[in-house]
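Opened the notebook on this one today. I wanted to go through the folds, the rings and the core in turn, and jot down what I looked up.

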Amino acid sequence: MNSDPEDTKSPLTQNHETPPKKKKKNKHKTPQPPPQPPSPPPPSPPVQAKVQSLKENPKKFPPFVAYFPSGYDPTKNHSNSEQIDGHESAPSVKVYRSQERPQRVEMVVTPTGSNVDFVGSNYSGESTGGHHCSYALGVFDKESQSLKIVPVAFDKVFRLEPKVRGLEAADKKTESPVKEELSAVKKADRFRELTNLYGTKKARNEAKKKHSLNQEDDPNSQKVLDRKIKEVKINKEALIGSEGAEATVARNIPPYDANAATPQEAYPLDKIILMGEWDYIADIFELLQEKPKLASNAYPTFVNNRIDKLQGIQDEAEKRTLCCIFSYITHLIKFRDQHSMDAFSSAKGHKIPGILRNRFSTMFADQLSKRLSAEKNDLIISYILVLTLYADEFRTDPADIAKDLRMSPINLRAHFEHLGCKLSRQDKLQIFTLPLPLQFPILRQKRRR
């Protein structure tokens, strides 16, 4: 049986049709030009600004400059910051100043809602290194078109390091003044050792002399010396001498040079104020850097009435020396008041540096009594009067120091004459001067009958 050609197709070819041919895409596209960089903004018009350079004013607080080496930017938004009225609250900035040493300042910056503080100080870390450049802060006011340049001291630049709150405070110990004083003593001992090893012969001799002068500050050596003195037998007959003989009494005054050519050499200042004590009596100089006046109840009348004299001194070294002399006079007067019955309450709260208190106790105080003996009282008055001569350029009016010592001018006159001073009158004022060569009144010991 014959079949049609259409019926002879296989099942595979009957149900599938040939797919249409796809058009080939052109792989070669037309190259497009690169994007053009944005045009630079038009240059801003020049500003005609008035530049004003401001000098440091002691009556105003100087600006502080701080930077964050960790990369923290206080002007940027942070995820953990609190929002106030839709705006991020600024981090808090606090400045702390030491009451004992006002020149020490510490700055703390605390981001809002964070337990990390950024802390920096001007007495530790990077601030203790050498400074070979100066800083200035410029403030531009767009409204007035003025640029003010304010100088910034090197100790007002703070490096703020991040510190976790409460983590390092537990291990940190407060520094005591005794520790600082001991470090100064150790520093002097180390310097003396280096001088003995590598110094010249002249430097070694000077170091030995200074060390021997400071031996009186050692309480152990003083106890040994007192014990040996008690063991010495005194020949009273030799002291009294024959009838009509005069015994010379040792003068109860500071170290002096009877053959000196100048008043400063007559009573050397370095033998009254020792080398290691100058760093602890700069409180008046540091306070005057912040404010021109001092608290009247914290210093004697002699010092308060001469503070204005410091304003006219241009030499910083001379001003610092005079301030240290004022501070030393204050500590001597307060030490004397603390060991007296009638003036103890006025000096009860006064703090004397430990290095000075140890020396004063060795030189003036009596270990068996809280009050000063008559001999030690005269000695401390002599030290005070010599320093008043230095403060007034060896022409001093005794009225102020007489009030501080609670003495009458007549009794104080005997102490000045005991130092070799002469009394003169000038414009109805009593003035004590120190003529040269030194001439002391004759001291005689009463002959025993």
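Before anything else, a cut-off I need for the ring entries: I count a charge as sitting over a ring if NZ of Lys or CZ of Arg is within 6 Å of the ring centre and within 35 degrees of the ring normal. With that in hand, I found arginine 104 over the face of tyrosine 123, at 4.8 Å from the ring centre. I also found the charged end of arginine 306 over the ring of phenylalanine 302, 3.8 Å from its centre. A reminder to myself: this is a predicted model.

**Entry: overview**

I noted 14 helices and 14 strands in the protein chain. The chain has 449 residues, and 28% of them count as buried. I then looked at contacts with a separation of 6 or more: residues 24 or more positions apart account for 61% of them.

**Entry: ring pairs**

How many aromatic pairs are there? I got 13. One of them joins tyrosine 256 and tyrosine 267; the pair is tilted, with 6.4 Å centre to centre and 50° between the planes. The two rings come from distant parts of the chain, 11 residues apart: tyrosine 256 is in the loop between helix H5 (236–240) and helix H6 (263–266), and tyrosine 267 is in the loop between H6 and helix H7 (283–288).

Are the two tyrosines buried or exposed? Tyrosine 267 has 0% relative accessibility, so I put it down as buried. Tyrosine 256 has a relative accessible area of 37%, so I wrote partly exposed.

I also traced a cluster linked by ring pairs: Tyr328, Phe335, Phe360, Phe364 and Tyr383.

**Entry: the core**

The largest nonpolar core has 61 residues, and I listed those that touch the most other members: Tyr267, Ile284, Leu332, Phe364, Leu387 and Leu405. Which helices each supply at least two residues of this core? My list reads H7, helix H8 (301–304), helix H10 (316–338), helix H11 (354–363), H12, helix H13 (399–405) and helix H14 (409–418). The largest share, 11 residues, comes from H12.

I followed leucine 405 further. Leaving out neighbours within four places in sequence, leucine 405 is in contact with Ile333, Arg336, Ile381, Ile384, Leu385 and Leu412. There is a second, separate core of eight residues, and I saw Met107, Val109, Phe118 and Phe158 among them.

**Entry: H12**

Since H12 gives the core its largest share, I went over this helix on its own. H12 runs over residues 374–391, which makes 18 residues, and reaches 26 Å from its first C-alpha to its last, close to the 26 Å expected at 1.5 Å a residue. Of those 18 residues, 13 are buried, so the helix is largely enclosed by the rest of the structure. Just after H12, I found glutamate 393 with a positive phi of about 60°.

**Entry: H10, H11 and the loop between**

I wrote down the buried residues of H11: Ile355, Leu356, Arg359, Phe360 and Met363. Why do they line one face of the helix? Seen down the axis of H11, they fall within an arc of 125°, so one face is what they line. The background I had in mind is that an α-helix has 3.6 residues a turn, so residues three or four places apart point the same way.

In H10 I picked glutamine 338. At 13% relative accessibility, glutamine 338 counts as buried. Not counting residues up to four places away in sequence, glutamine 338 touches Phe344, Ala347, His350, Ile352 and Arg357.

Lysine 348 is in the loop between H10 and H11. This lysine 348 is exposed, with a relative accessible area of 61%. The C-alpha atoms of lysine 348 and aspartate 337 are 8.5 Å apart, with their positions 11 residues apart along the chain.

**Entry: E8 and what follows**

Glycine 138 is in strand E8 (residues 135–141). With a relative accessible area of 49%, glycine 138 is partly exposed. Beyond its neighbours within four places in sequence, glycine 138 is in contact with Leu147, Lys148 and Ile149. For lysine 148, 10 residues apart from glycine 138 along the chain, I noted a C-alpha separation of 5.6 Å.

Last stop was lysine 142, in the loop between E8 and strand E9 (146–152). Lysine 142 is exposed, at a relative accessible area of 66%. Its C-alpha atom is separated by 8.8 Å from that of alanine 49, 93 residues apart along the chain.

How values were computed. Residues are numbered from 1 along each chain as its sequence is written. This is a predicted model: local features need pLDDT of at least 70, side-chain atom pairs count only at pLDDT 80 or more; totals for chains, interfaces and linings use all residues. Side-chain values use heavy atoms; hydrogens and water are left out. Rings of Phe, Tyr and Trp (its six-membered ring) pair if their centres lie within 6.5 Å; planes under 30 degrees apart count as stacked, over 60 as edge-to-face and the rest as tilted. Helices (H or I, at least four residues) and strands (E, at least two) are DSSP runs, numbered from the N terminus. Buried means under 20% relative accessible area, exposed over 50%, partly exposed in between (1.4 Å probe, protein chains only). Contact means heavy atoms within 4.5 Å. The expected span of a helix is 1.5 Å times one less than its number of residues. A nonpolar core is a set of buried Ala, Val, Leu, Ile, Met, Phe, Trp, Tyr and Cys residues joined through side-chain atoms within 4.5 Å. The arc is that of the directions from the helix axis to the C-beta atoms.
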